[in-house]
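Welcome to a short tour of a protein model. Have the viewer ready, and follow along from pocket to surface to loops.

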Amino acid sequence: MITLSNVMKANATSCIGFGAIFSLFSEQVSGFLSISHQAPSLVFLLLGLILLFNGFHLIWASFKSMPSKFLVLYFSIGDYIWVLATLYLIFAEMWITTSMGIIAALLVALMVGTFGWLQMLARKKMGNC
């Protein structure tokens with residue numbers, strides 16, 4: 001069943017998983033995404049730490065019986081920023097340039113964008129409270 005709590009927990013799982021991967025394997029992630037225009041490993045380390053924080057924040061929010069509209073919007077906007085940043089990096093041929101990196105980044109962006117949309121949809125169904 002698609003509930004706001006379940007979507008937020010799935011989003012949190014994704015954030016924590018990718019946060020751990022980015023933090024622990026930043027050089028490998030950078031090399032997977034691009035051979036010639038790699039992002040500095042520090043970028044992935046910092047992004048990983050931010051994702052870990054966001055994931056744990058999402059878990060906390062998922063246990064609230066009625067998360068505020070602002071809180072849900074905060075997480076959803078973050079998801080949409082991820083999607084736009086991914087598309088920008090791909091089209092700018094910056095940091096995401098390998099075929100497999102582009103495919104993986106687009107699949108992750110699709111998943112993240114879906115989380116954002118489902119969070120907003122589920123919160124809207126909960127009413128104005």
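## Setting the scale

A residue counts as buried under 20% relative accessible area, as exposed over 50%, and as partly exposed in between. Glutamine 38 has a relative accessible area of 42%, so glutamine 38 is partly exposed. Please keep in mind that this is a predicted model.

Glutamine 38 sits in the loop between helix 2 and helix 3. From its C-alpha atom to that of glycine 78, 40 residues away along the chain, the separation is 23 Å.

## The largest pocket

How many residues line the largest pocket? The lining has 32 residues, and those nearest the centre of the pocket are Phe22, Leu47, Leu51, Trp82 and Thr86. The volume of this largest pocket is about 750 Å³. Rolling a probe the size of a water molecule over the atoms is a handy way to see where empty space is left.

Which helix gives the largest share of that lining? Helix 4 does, with nine residues. At least two lining residues come from each of helix 1 (4-24), helix 2 (26-33), helix 3 (41-62), helix 4 (69-91) and helix 5. By residue type, the lining of the largest pocket holds 26 nonpolar residues, five polar ones and one charged one.

## A nonpolar patch on the surface

Turn now to the outside of the model. Phe32, Met100, Ile103 and Leu107 make up a nonpolar surface patch, and together they have about 410 Å² of accessible area. Helix 5 (residues 99-125) contributes the largest share of this patch, with three residues.

Isoleucine 103, a member of the patch, is located in helix 5. Is isoleucine 103 buried or partly exposed? Its relative accessible area is 45%, and because partly exposed covers the range between 20% and 50%, isoleucine 103 belongs there. There is also a contact in space to look at: the C-alpha atoms of isoleucine 103 and leucine 33 are 9.6 Å apart, while the two residues are 70 residues apart along the chain.

## Two positive phi angles in one loop

The loop between helix 4 and helix 5 is a good place to check the backbone. Most residues other than glycine have a negative phi. Glutamate 93, found in this loop, has a positive phi near 55 degrees and is a residue other than glycine. Tryptophan 95, which is also in the loop between helix 4 and helix 5, has a phi near 75 degrees, again a positive value in a residue other than glycine.

What is the relative accessible area of glutamate 93? The value is 57%, and because the cut-off for exposed is over 50%, glutamate 93 is exposed. Tryptophan 95 has a relative accessible area of 25%, so tryptophan 95 is partly exposed.

## Pairs that are far apart in sequence

Two further residues are worth a click, each with a partner elsewhere in the chain. Lysine 69 belongs to helix 4. With a relative accessible area of 46%, lysine 69 is partly exposed. Between lysine 69 and lysine 124 there are 8.2 Å from C-alpha to C-alpha, and the pair is 55 residues apart in sequence.

Phenylalanine 56 is part of helix 3. Why does phenylalanine 56 count as exposed? Its relative accessibility is 52%, and exposed means over 50%, so phenylalanine 56 meets the cut-off. Measuring tools in the viewer will let you check the next distance: phenylalanine 56 and lysine 9 lie 9.4 Å apart, C-alpha to C-alpha, with their positions 47 residues apart in sequence.

Terms used: Residues are numbered from 1 along each chain as its sequence is written. This is a predicted model: local features need pLDDT of at least 70, side-chain atom pairs count only at pLDDT 80 or more; totals for chains, interfaces and linings use all residues. Side-chain values use heavy atoms; hydrogens and water are left out. Patches are made of residues with over 30% relative accessible area and no salt bridge: like charges are joined within 9 Å, nonpolar side chains (Val, Leu, Ile, Met, Phe, Trp, Tyr) within 5 Å. Accessible areas come from the Shrake-Rupley method with a 1.4 Å probe; for residues, only the protein chains shown count as cover. A salt bridge is a side-chain nitrogen of Lys or Arg within 4 Å of a carboxyl oxygen of Asp or Glu. Helices (H or I, at least four residues) and strands (E, at least two) are DSSP runs, numbered from the N terminus. Buried means under 20% relative accessible area, exposed over 50%, partly exposed in between (1.4 Å probe, protein chains only). On a 1 Å grid over the protein atoms alone, a cavity is a set of points where a 1.4 Å probe fits but cannot get out, and a pocket is an open set with protein on both sides within 12 Å along at least five of seven lines; lining residues have an atom within 4 Å of a point. Grid points are joined across faces, edges and corners, and a volume is the space filled by probe spheres set on the points. Ala, Val, Leu, Ile, Met, Phe, Trp, Tyr, Cys and Pro count as nonpolar, Asp, Glu, Lys and Arg as charged, and the others, Gly among them, as polar.
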